[in-house]
Amino acid sequence: MNLKLKLTLIIAVLYGNVFGQDLKLRIGTNFGKFSKEIGQEEVIHPYINIMSPDRYGVDFTSDMNMGFESELMLQWTPNIETGIEFRYSQFSGNSDTLTSYYNFLFSEDWPDNDRFVNAPLVYQSSAMSFLLNFRYYLAPGGNINPFIKLSGGVSMVGAELNYKDRSLWEEGEAGVLFSAGTENSSDSRKTALYYGAGAGFNFKISDQVSIYLDGSASVIGSDIINGIPNYDYITADQMLKPVDGKSLLYTFSIGLVFDTGKNLGLSKGGAT
């Protein structure tokens, strides 16, 4: 069973038969930051140890970037709420030091990287995520209602690694080092699993409107959030092989929740 079919079945189970659940709409802004990749480190190509010893994987300073999100929410009980969310997140970072070489530069998958210039780099990436959320409210009925949250779904990731001095590219001295799902690439966005957890609260300002705040840590099963695809050097075959990676992200969200005062689906009395 493929991933899309599994998600369709989950949504059908959660939302196919609803009787009397409060329907809410949330819209908001998010601020996301790439933290690090998790998992095993790459096996480095031996050429890199010769040309750039002790400088593989130059550290980037990651920035906080703005995105947006919207969610359809269902209040099942005073404590339990679920939601279907669309989230657009952006990530970026830069390196002020001269760059090192990376495994993917020597891969046959990227033959256009022969114009590599040793200069500071920047990465820019984004993720369009379709998520299922579960919230458990700790103090229902109050004006301030804290909650804990679990999320899971699918992200479509696009990313680009380029030079901080864009004139290196614009003047033809060097090309884009890596790009997928951007205007500088014919490759489409990469699909990856998303899961995370967080906490926050709703602050009620009227019967229909509340302010929403939350913070979460999440993992996207993608190695290109930082603009650098992962490759391992296979000693026996003397070649590079792409390997999967996972990215740890931190996100803060703020927005408004609107209670429609309606039910989704048919109620027992037939009214909606």
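R135 sits at 0% relative accessibility in this predicted model, so this arginine counts as buried. Even so, R135 has charged company. One partner is E71, and the closest N and O atoms of that salt bridge are 2.7 Å apart. R135 lies in strand 5 (residues 121-137) and E71 in strand 3, so the pair ties together parts of the chain that are 64 residues apart in sequence. E71 has a relative accessibility of just 1%, so E71 counts as buried too. A second salt bridge runs from R135 to E81, with 3.4 Å between the closest N and O atoms. Here the link goes from strand 5 to strand 4, where E81 is found, and it spans 54 residues. Both ends of this pair, R135 and E81, are buried.

These pairs belong to a wider set. Salt bridges with shared partners join K24, R26, E69, E71, E81, E85, R87 and R135 into one network. Across the whole structure, the search turns up ten salt bridges. One of them brings together the side chains of R87 and E69, at 3.1 Å from N to O. R87 belongs to strand 4 (residues 80-94) and E69 to strand 3 (residues 65-75), so this pair ties together parts 18 residues apart in sequence. Again, both R87 and E69 are buried. As a general point, side chains of opposite charge can pair when their charged atoms come close.

Strand 5 also holds S126. With a relative accessibility of 7%, S126 counts as buried because the cut-off for that label is under 20%. The side chain of S126 makes a polar contact of 2.8 Å with the side chain of R189. Beyond four places in sequence, the residues in contact with S126 are Y88, S89, Q90, M156, V157, G158 and R189. Of these, Q90 is 36 residues away from S126 in sequence, yet the two C-alpha atoms are 4.3 Å apart in space.

Some buried charges have no such partner. D232, in strand 10 (residues 231-234), is buried without a salt bridge, and the nearest side chain of opposite charge, that of K241, is 8.0 Å away. What the side chain of D232 does have is a polar atom 2.8 Å from the backbone nitrogen of V43. V43 also appears among the contacts of D232 beyond four places in sequence, together with E41, E42, N103, M239, L240, K241 and V243.

D223 tells a similar kind of story, this time from the loop between strand 9 and strand 10. D223 is buried and lacks a salt bridge; K190, with the nearest side chain of opposite charge, is 8.7 Å away. The side chain of D223 instead reaches the backbone nitrogen of N230, at 2.7 Å. Leaving out neighbours within four places in sequence, D223 touches E37, I228, P229, N230, V243 and G245. V243 therefore turns up in the contact lists of both aspartates, D232 and D223, where contact means heavy atoms within 4.5 Å.

Past strand 10, the backbone does something less usual. Most residues other than glycine have a negative phi. Q238 is not a glycine, but its phi is positive, at about 50°. Q238 is in the loop that connects strand 10 and strand 11 (239-242). Its relative accessibility is 63%, so Q238 counts as exposed.

Stepping back to the whole chain, there are three helices and twelve strands. Of its 272 residues, 43% count as buried. Among contacts with a separation of 6 or more, 76% come from residues 24 or more positions apart. The chain exposes about 14,300 Å², and carbon and sulfur atoms supply 57% of that area.

As for confidence, the mean pLDDT of the chain is 84, and 80% of the residues reach 70 or more. The elements vary: strand 9 (residues 209-220) has the highest mean pLDDT, 97, while helix 1 (residues 3-15) has the lowest, 54. Over residues 15-20 the pLDDT stays under 50, and the model has twelve contacts for this stretch beyond four places in sequence. The pLDDT is also below 50 over residues 266-272, a stretch with five contacts beyond near neighbours in sequence.

Technical notes: Residues numbered from 1 in each chain as written. Heavy atoms only, no water. Helix = DSSP H or I, 4+ residues; strand = E, 2+ residues; numbered from the N terminus. Buried < 20%, exposed > 50% of the residue type's maximum accessible area, 1.4 Å probe, protein only. Lys, Arg positive; Asp, Glu negative; His and termini not counted. Salt bridge = Lys/Arg side-chain N within 4 Å of Asp/Glu carboxyl O. Polar contact = N/O pair within 3.5 Å; in protein donor to acceptor, adjacent residues only side chain to side chain. pLDDT = per-residue confidence, 0-100. Areas by Shrake-Rupley, 256 points an atom, 1.4 Å probe, with all protein chains shown as cover.
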